[in-house]
Amino acid sequence: MRAVAALVLLAALAATGCGFQLRGTAQLPFDTVYVPGTGGIALDLRRNIQNGTRTEVVDDPKRAQAQMEFTQEARQKDILSLTSAGRVREFRLIYRVGFRVHDGKGGEFVPVSTLQLAREVTFNDAEVLAKEAEEQLLYRDMQSDMVQLIMRRLAAAQKPAPAEK
């Protein structure tokens, strides 16, 4: 039993010595934010901000220090390869989100940005329903990854410089 306790203590010391620390809450450069929309990526982003930061998501853009604006959200499917019979063998799923975060007074926390994720998928005519379900799961997974990418951008954002008069 002492050997196990010593091993746990040694592992804890080694982890702290290398600079490891739990992620914890992200620090965003604003106390309140307005995120438009009620579904899809907007809903996931709202939840992540509320649960993973000290920033409050508000329903009125006039009460927010920062306003998020989605400039695009697109899903695309491209054919990568065909069989000798001309049927699809592989395709690529692409998920693209464009956004910006501003203070409503001309200052930019995050200028217009576009993020894109892609996944390659094999296709089989005999498994059409299963492949459609897989496609939806992959899009959902890409949406979760996109939320994490946006959260990293928000955490790295700087307060806009005050407007000169």
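Visitor: In S4, which residue is the bridge partner of Gln76?
Guide: Bear in mind that this is a predicted model. S3 and S4 run antiparallel to each other, joined over 14 bridges. In that pairing, the residue in S4 that partners Gln76 is Ile94.

Visitor: And what links S3 to S4, and which glycine in the turn has a positive phi?
Guide: The two strands make a hairpin, with five residues between them. In its turn, a positive phi of about 90 degrees belongs to Gly86.

Visitor: Moving on, how many bridges hold S4 and S5 together, and what is the partner of Arg92 in S5?
Guide: S4 and S5 also form a hairpin with five residues between the strands, where Gly104 takes a positive phi near 80 degrees. The pairing is antiparallel and counts twelve bridges. Within S5, Arg92 has as its bridge partner Glu120.

Visitor: In which sense do S1 and S3 pair, parallel or antiparallel?
Guide: Take the contacts one by one: Val33 stands opposite Ala66 in S3, and Tyr34 has Gln67 as its bridge partner there. Strand S1 (residues 32-34) and strand S3 (residues 66-82) share two bridges, and their sense is parallel.

Visitor: So what is the strand order in the sheet, and which strands sit at the edges?
Guide: It's an open sheet of five strands with mixed pairing, ordered S2-S1-S3-S4-S5. An edge strand pairs on one side only, and that holds for S2 (56-58) and S5 (108-122). On average, neighbours in this sheet are turned by 30 degrees against each other, direction ignored. The edges, then, are S2 and S5.

Visitor: Which strands does H2 lie across, and at what angle to S3?
Guide: H2 lies across S1, S2, S3 and S4 (88-102). Against S3, the angle is about 125 degrees.

Visitor: Same thing for H3: which strands, and what angle to S5?
Guide: H3 lies across S3, S4 and S5. Its angle to S5 is about 155 degrees.

Visitor: How are H2 and H3 set against each other, and what is the handedness of the crossing?
Guide: The axes of H2 (residues 40-52) and H3 (residues 128-156) come within 10 Å and cross at roughly 50 degrees. The two helices are therefore oblique to each other. As for the hand of the crossing, H2 passes H3 right-handed.

Visitor: Which residues meet there, and how many of them are nonpolar?
Guide: H2 brings Gly40, Ile41, Asp44, Leu45, Asn48 and Ile49, while the H3 side includes Arg140, Met146, Ile150 and Leu154. By class, the contact has four polar residues, two charged ones and, for the nonpolar count, eight.

Visitor: Which element has the lowest mean pLDDT?
Guide: The chain averages 86, with 83% of its residues at 70 or more. S1 has the highest mean among the elements, at 96. Where pLDDT is low, the predicted coordinates shouldn't be read in detail. The lowest mean, 62, belongs to helix H1 (residues 2-17).

Definitions and conventions
Residues numbered from 1 in each chain as written. Predicted model: local features only at pLDDT ≥ 70, side-chain atom pairs only at ≥ 80, totals over all residues. Heavy atoms only, no water. Axes fitted to C-alpha atoms, helices over the stretch in contact; angles between N-to-C directions. Helix = DSSP H or I, 4+ residues; strand = E, 2+ residues; numbered from the N terminus. Parallel < 35°, antiparallel > 145°, perpendicular 65-115°, else oblique. Left-handed = near helix turned anticlockwise from the far one by under 90°. Contact = heavy atoms within 4.5 Å. Nonpolar A, V, L, I, M, F, W, Y, C, P; charged D, E, K, R; others polar. Pairing = 2+ DSSP bridges. pLDDT = per-residue confidence, 0-100.
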